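This report describes selected features of one protein model. The sequence and structure are shown first, and the account then proceeds from strands to cores to a helix.

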Amino acid sequence: MMGKPGSLQLLMDEKIYVAVGSDLGNKSTLVWAIQNTGGKEFCIVHVHQPLYRKDKEKAQKILDKYLQTCRQMQVCAETIHIEMDSVEEGIIQLISERHVKKLVMGAASDRHYSMRMADLLSTKAIYIRQQVPATCCIWFTCKGYLVYKREAITGNTSLEYASTSSDQDSVRSRGSVIPSGQYTISRGNGNVYQLAVFEAEKSKKEASLEAFKHQEVEKEKNEAIKRAKEWENAYFEELKQRKETEMELKKVREKLENMRYISENRITESYMLVQKLQDKYNLATKVLRKAKEERDRLIKGRDIAIIEVEELRKIHEKVSRSDEHREAPQYFICPISLEVMKDPQLAADGFTYEAEAISTWLQRGHETSPMTNKKLLHTKLVPNLALRSAIQEWLHASSSSRK
């Protein structure tokens with residue numbers, strides 16, 4: 001067999017960029033690209049608006065699942081995620097910076113797909129088709145079907161086709177659309193050879209996918225057999241444990257029956273004991289009630305006696321004070337405290353008061369005389385030395401006479 005032309009070898013070696021949208025759980029675009037583009041290396045691209053940290057981690061985990069799918073389908077892949085306010089501008093910037101030659105992206109959301117879909121429905125897809133360089137080949141897919149392809153313009157060949165609604169013009173299969181009579185072929189049979197190689201690579205990928213599916217089915221079958229054996233062993237083990245449990249339950253029931261008989265006897269004895277205790281409690285309650293009544297009566301008598309003693313003490317003090325005042329000259333007695341003065345002070349009203357008594361009177365805000373109730377000219381106090389000497393002599397004489 002002849003070797004592949006240089007241009008075709010370049011086509012097969014170029015990396016295929018696959019743009020995935022916000023619905024990261026949809027793998028149809030990536031699966032179609034692996035099965036139909038003939039690429040050996042893939043780059044999964046996700047352009048998104050600025051996300052929070054948790055959303056970024058979640059998006060990265062889903063992109064990792066895409067990588068796992070690529071490994072299962074035996075292709076090399078990497079991921080790129082870009083933060084940008086405009087998704088389409090992000091893809092165009094990526095194409096420009098990395099000189100992307102091949103791009104696979106969605107033509108519209110999967111829920112908008114129908115057999116009559118013959119053109120792009122997504123505004124992002126339309127914008128990208130118009131703005132990307134002509135050297136970039138773009139496949140637009142939807143729900144695993146090719147809707148539109150914009151072939152790259154390389155100067156010697158140009159290939160572009162779109163899906164049609166006629167069954168006579170195209171043959172649809174899961175993962176591709178191959179319209180008839182839509183190719184533009186130049187320079188002899190070169191493109192026919194390229195197409196044949198492309199189809200051969202496609203068949204190889206499909207066979208690899210089928211082998212992978214078969215391996216998965218065998219793996220699931222073996223797992224199911226293994227689980228069935230485990231369940232069977234678990235069933236027999238559970239049956240054995242059930243019999244042992246029934247034997248133990250029977251023994252426990254016998255013990256419980258004996259315990260119930262003993263408990264009933266003890267309950268009867270306890271009931272009789274409670275009755276005796278209840279009688280004693282009632283008797284003690286009556287005695288306590290009488291004791292409480294007696295205590296209350298004694299407390300009441302004590303309080304009355306305390307009140308009478310206090311009244312007698314006050315009367316005694318009053319009589320003693322009256323006797324003392326009766327013996328002392330009237331001008332020795334403070335008009336406020338009614339006691340013999342120790343430090344007589346002369347106020348502005350002309351009366352003499354005990355220093356502590358008149359000071360307290362003035363400190364409380366009184367500005368009048370305690371005797372005349374007229375306003376004082378001033379609040380200054382003058383010691384009455386003569387009266388104090390007379391009082392001291394009288395006290396000394398009284399003390400001597402008592403002795």
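## Strand β4 and its neighbours

In this predicted model, strand β4 is mostly covered, with 4 of its 5 residues buried. Burial here denotes a relative accessible area under 20%.

Strand β4 takes part in parallel pairing with both β1 and β5. With β1, the parallel arrangement rests on 2 bridges, and Y17 has L103 of β4 as its bridge partner. With β5, the parallel pairing extends over 5 bridges; M105 stands opposite F140 of β5.

## The largest nonpolar core

Several of these paired residues recur in the largest nonpolar core, which has 24 residues. Y17, L103, M105, I138 and F140 are the members with the most contacts inside this core. At least two core residues come from each of β1 (16-19), β2, α4 (87-98), β4 (102-106), α5 (123-131), β5 (137-142) and β6 (145-150). Helix α4 supplies the largest share, 4 residues.

Which residues does I138 touch, if those up to four places away in sequence are not counted? The list comprises L103, M105, I128, V132, Y148, K149 and R150. Two of the names in that list, L103 and M105, also appear among the core residues with the most contacts.

## A second core

A separate core of 22 residues is also present. Its members include W32, Y66, V75 and W139.

## Helix α3

Helix α3 comprises 20 residues, from 53 to 72. The distance from its first C-alpha to its last is 29 Å, close to the 28 Å expected at 1.5 Å a residue.

The buried residues of α3 are A59, L63, Y66, L67, T69 and C70. Viewed down the helix axis, the buried residues of α3 fall within an arc of 155° and therefore line one face of the helix. An α-helix has 3.6 residues a turn, so residues three or four places apart point the same way. On the other side of α3, the exposed residues are R53, K54, K58, K61, K65 and R71.

What covers the buried residues of α3? The covering elements include helix α2 (28-36) and the strands β2 (41-48) and β3 (76-83). Among the buried residues of α3 is Y66, which also belongs to the second core. After α3 comes Q74, whose phi is positive, near 65°.

Key:
Residues are numbered from 1 along each chain as its sequence is written. This is a predicted model: local features need pLDDT of at least 70, side-chain atom pairs count only at pLDDT 80 or more; totals for chains, interfaces and linings use all residues. Side-chain values use heavy atoms; hydrogens and water are left out. The expected span of a helix is 1.5 Å times one less than its number of residues. Buried means under 20% relative accessible area, exposed over 50%, partly exposed in between (1.4 Å probe, protein chains only). The arc is that of the directions from the helix axis to the C-beta atoms. Contact means heavy atoms within 4.5 Å. A nonpolar core is a set of buried Ala, Val, Leu, Ile, Met, Phe, Trp, Tyr and Cys residues joined through side-chain atoms within 4.5 Å. Two strands pair if DSSP finds at least two bridges between them.
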